[in-house]
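Welcome! Below is a short guided tour for anyone meeting this structure for the first time. Have a look at the sequence and the model, and then read on.

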Amino acid sequence: MERQFISHLAHRDHPIAAPVSGAQVTRLLRRARLPEGARILDLGCGEASWTLRALALYEDATADGVDISADALNTAEGHAEIQGVWERIRLHKRSAEDFPVAERYDLVVCVGATHAFGGLRPTVERVRRYLRPNGLALIGEGFWEREPTPEALTRLGTEPSEYLDLAGTVAVAESAGFDTVYAYTSDLSEWDDYEWSWTGTLLRWANENPGPDAETARAAALEHRAMWLHGYRGILGFVTLLLQRRG
Ligand SMILES: C[S@@+](CC[C@H](N)C(=O)[O-])C[C@H]1O[C@@H](n2cnc3c(N)ncnc32)[C@H](O)[C@@H]1O
């Protein structure tokens, strides 16, 4: 069972693949106050939840979504059809790193996907190149809410340098030539909703679909839950920065 398919199943009841509620997604997108006929680029779009919401809010906007997961993009395509916006979104199955800098966008979204570029710093540097002067970016990234415990680091399989604190995260984003014009810091209940959905949906799927894949799904859910409950709960934060390109 492919890792991408596990992730696809796990996000069935929480289509935004980040600890951000639907209400906050809408709030952030409204705050962007996009111009008429806005062009949107979503890097690591997954099921394109952010962009489909943006297309609902901005009725003459059009978008490109980029992801490597065929399952996620198929779901995005289906949702775009149901929402009646399939003509306003183009989905690209390719690595975000290879997506050409061929035009300038009004909004670039990269939420929970900075690993596609090797971290926050290379992501913001790259995102800047896609933006018009004064264009906006929504960058969603983890940060250390508290100093990580050795157990959290072991369970996450990561180093303290993987993330910064909140101030450091903002500083890195701004160092690439941005101003933070708004931001939303997820609260613990959003993390809990995200993680209980991730692990619970997978466990339920395993129970209702017996067979070899069920064991893989169950093991993935339990491993993830232990990593969260014994590891990063209350330690790893998540912030979505609304950045404006300076100049
Ligand atoms: C945590 S999900 C976030 C999805 C979406 N931005 C959201 O918030 O709902 C990370 C996404 O990045 C995608 N991804 C990982 N590496 C990538 C790459 N090199 N290029 C494009 N997408 C990538 C994954 O397939 C996954 O859909």
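## The ligand and its surroundings

Let us begin with the ligand. This is a predicted model, and a polar side-chain atom of Ser95 sits 3.1 Å from a nitrogen atom of the ligand. Oxygen atoms of the ligand have polar partners too: a polar side-chain atom of Asp67 lies 2.6 Å from one, and a backbone N or O atom of Ala17 is 2.8 Å from an oxygen atom of the ligand. On its own the ligand has 590 Å² of accessible area, and the protein covers 84% of that.

How many residues surround the ligand? There are 18, and the closest are Ala17, Gly44, Asp67, Ala96 and Val111. Sorted by class, this shell holds 10 nonpolar, six polar and two charged residues.

## Two nonpolar cores

Next, the interior. The largest nonpolar core is made of 42 residues. Leu34, Ile40, Trp50 and Leu107 have the most contacts inside it. Leu34 is a good place to start exploring: leaving aside neighbours within four places in sequence, Leu34 is in contact with Ile40, Tyr58, Asp106, Leu107 and Leu136. Apart from the largest core lies another one, of 25 residues, including Leu43, Phe99, Leu120 and Phe143.

## Arg39 on strand β1

Strand β1 covers residues 39-43, and Arg39 is found in it. Is Arg39 buried or exposed? Its relative accessible area is 12%, so Arg39 counts as buried, the cut-off for buried being under 20%.

The side chain of Arg39 is joined to that of Asp64 by a polar contact of 2.7 Å. Not counting residues up to four places away in sequence, Arg39 touches Thr62, Ala63, Asp64, Arg90, Glu103, Tyr105, Asp106, Leu107 and Arg132.

## Pro15 and Ser49

Here are two residues that are worth viewing together. Pro15 lies in the loop between α1 (3-10) and α2, while Ser49 is found in helix α3, which spans residues 49-57. The side chain of Ser49 reaches the backbone oxygen of Pro15 at 3.1 Å. With residues up to four places away in sequence left out, Ser49 touches Pro15 and Ile16, and Pro15 is in contact with Glu47 and Ser49.

The two are covered to differing extents by the categories used here: Ser49 is buried, at 17% relative accessibility, and Pro15 is partly exposed, at 41%. For a sense of distance, the C-alpha atoms of Ser49 and Tyr105 are 18 Å apart, with their positions 56 residues apart in sequence counted as separation. Pro15 and Arg88 are 73 residues apart along the chain, and their C-alpha atoms are separated by 20 Å.

## Thr123 and His224 in helices

Thr123 lies in helix α5, residues 120-130. Where does Thr123 stand in accessibility? Its relative accessibility is 0%, so Thr123 counts as buried. Beyond residues up to four places away in sequence, Thr123 touches Cys110, Thr114, Phe117 and Ile139.

His224 belongs to helix α9, residues 212-232. His224 is buried as well, with a relative accessible area of 11%. Glu195, Trp198, Thr199 and Tyr232 are touched by His224, again not counting residues up to four places away in sequence. Arg155 is 69 residues from His224 along the chain, yet their C-alpha atoms are separated by 9.1 Å.

## Two positive phi angles

Finally, a look at the backbone. Most residues other than glycine have a negative phi. Which phi value does Arg33 have? It is positive, about 45°, although Arg33 is not a glycine. Arg33 is found in the loop between α2 (22-32) and β1, and at 64% relative accessibility it counts as exposed.

Ala48 also has a positive phi, near 65°, and is a residue other than glycine. Ala48 sits in the loop between β1 and α3. Its relative accessible area is 0%, so Ala48 is buried.

How values were computed
Residues numbered from 1 in each chain as written. Predicted model: local features only at pLDDT ≥ 70, side-chain atom pairs only at ≥ 80, totals over all residues. Heavy atoms only, no water. Near = heavy atom within 4 Å. Polar contact = N/O pair within 3.5 Å; in protein donor to acceptor, adjacent residues only side chain to side chain. Areas by Shrake-Rupley, 256 points an atom, 1.4 Å probe, with all protein chains shown as cover. Nonpolar A, V, L, I, M, F, W, Y, C, P; charged D, E, K, R; others polar. Core = buried A, V, L, I, M, F, W, Y, C linked by side-chain atoms within 4.5 Å. Buried < 20%, exposed > 50% of the residue type's maximum accessible area, 1.4 Å probe, protein only. Contact = heavy atoms within 4.5 Å. Helix = DSSP H or I, 4+ residues; strand = E, 2+ residues; numbered from the N terminus.
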